[in-house]
Amino acid sequence: MEIVIVPDAAAGGELIAAAIADLLVRKPDALLGVATGSSPLPIYQALIAKVANQALDVSRARICQLDEYVGLPQGHPESYRAVVLREVVRPLGLTETSFMGPDGSAEDIAAACADYDRALAAAGGVDLQLLGIGTDGHIGFNEPCSSLASRTRIKTLTQQTRVDNARFFDSLDEVPHHVITQGIGTILEARHLVLLATGEAKAEAVAQTVEGPVAGIVPASALQLHPHATVVVDEAAASKLKLADYFRATYAAKPHWQGI
Ligand code: F6R
């Protein structure tokens, strides 16, 4: 696992957007897995700026969703489908035809989950999956004690996650209890995992993810099992890393051609 400590969230966004740009040069129709929430917004801003400046052609890129609320009516502005379309797909000049996600309003949720895993495989698998991390160490919506082999399925949000996400809704009562999330096993199939964590509130979860044991209680620790996982953190999110100086020195000495 590579840990990159950046000065702030904007620098993290630029670094990751540059890696996505490199990927799209190598593979113009790459399948990009996107996360929602606040953490990845600087990445999307940096990507959108590159497209606006004609420094990047994303016209053949494909975008897929990591997770979705269950039970919000179709088109609800806080459904993750609506959020990704609004914040990523359309600003990049793409349309829904380049986009896939699980159906959180399906009658048969179990079938929708299995369909989504099949669709990801049929699309050739995710080339680069962006991840945020919850204060409880979740990735996607794989809450603590998720199976490290899990596939896309329904999960129940912890009260902590519902409280963390209440800022997107009018009240805590409106935050759904259930979600569909790519499983940890599903996420680990992506070719490159890139997690961006910013702010002091994430410092403990980041330390456990990077320097703790691989354990279902900290779902993000499963990144240690992936051959190409990059964790990008700002100084605040890095503040509890014992090996921070080693990570800084390693990245400073890294040959430029390697990228992340
Ligand atoms: C949402 C997702 C979640 C968030 C996490 C952090 O698609 O994957 O794991 O990344 O809850 O959310 P923020 O970034 O809002 O702190």
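## Two pockets, one helix and a buried asparagine

By class, 12 polar, eight nonpolar and four charged residues line the second largest pocket. The model is predicted. This second largest pocket holds about 400 Å³. Of its 24 lining residues, Thr-36, Gly-37, Ile-133, His-138 and Lys-202 are the closest to its centre. Helix H5 (residues 159-165) gives the largest share of that lining, three residues.

The largest pocket has about 470 Å³ of space. Among its 19 lining residues, Ala-19, Asp-22, Gln-258, Gly-259 and Ile-260 lie closest to the centre. Here the largest share comes from H1, with six residues.

| Pocket | Nonpolar | Polar | Charged |
|---|---|---|---|
| Largest pocket | nine residues | five residues | five residues |
| Second largest pocket | eight residues | 12 residues | four residues |

Helix H1 covers residues 9-26. Its 18 residues should span 26 Å at 1.5 Å a residue, and the end C-alpha atoms are 26 Å apart, so the two values agree. Buried residues of H1 include Gly-12, Ile-16, Ala-19, Ile-20 and Leu-23. An α-helix has 3.6 residues a turn, so residues three or four places apart point the same way. The buried residues of H1 pack against strands E1 (2-6), E2 (31-34), E6, E9 (192-197) and E10 (229-234), and against helix H2 (41-52).

Asn-142 sits in the loop between strand E6 (128-131) and strand E7 (153-156). Is this loop residue buried or exposed? Asn-142 has a relative accessible area of 0%, so it counts as buried. A polar atom of its side chain lies 2.9 Å from the backbone oxygen of Gln-182. Asn-142 also touches residues farther than four places away in sequence, including Ser-150, Arg-153, Ile-187 and Pro-219.

Notes: Residues numbered from 1 in each chain as written. Predicted model: local features only at pLDDT ≥ 70, side-chain atom pairs only at ≥ 80, totals over all residues. Heavy atoms only, no water. Helix = DSSP H or I, 4+ residues; strand = E, 2+ residues; numbered from the N terminus. Buried < 20%, exposed > 50% of the residue type's maximum accessible area, 1.4 Å probe, protein only. Polar contact = N/O pair within 3.5 Å; in protein donor to acceptor, adjacent residues only side chain to side chain. Contact = heavy atoms within 4.5 Å. Expected span 1.5 Å × (residues − 1). 1 Å grid on protein atoms, 1.4 Å probe; cavity = no way out; pocket = protein on both sides within 12 Å on 5 of 7 lines; lining within 4 Å. Points joined across faces, edges and corners; volume = space filled by probe spheres on them. Nonpolar A, V, L, I, M, F, W, Y, C, P; charged D, E, K, R; others polar.
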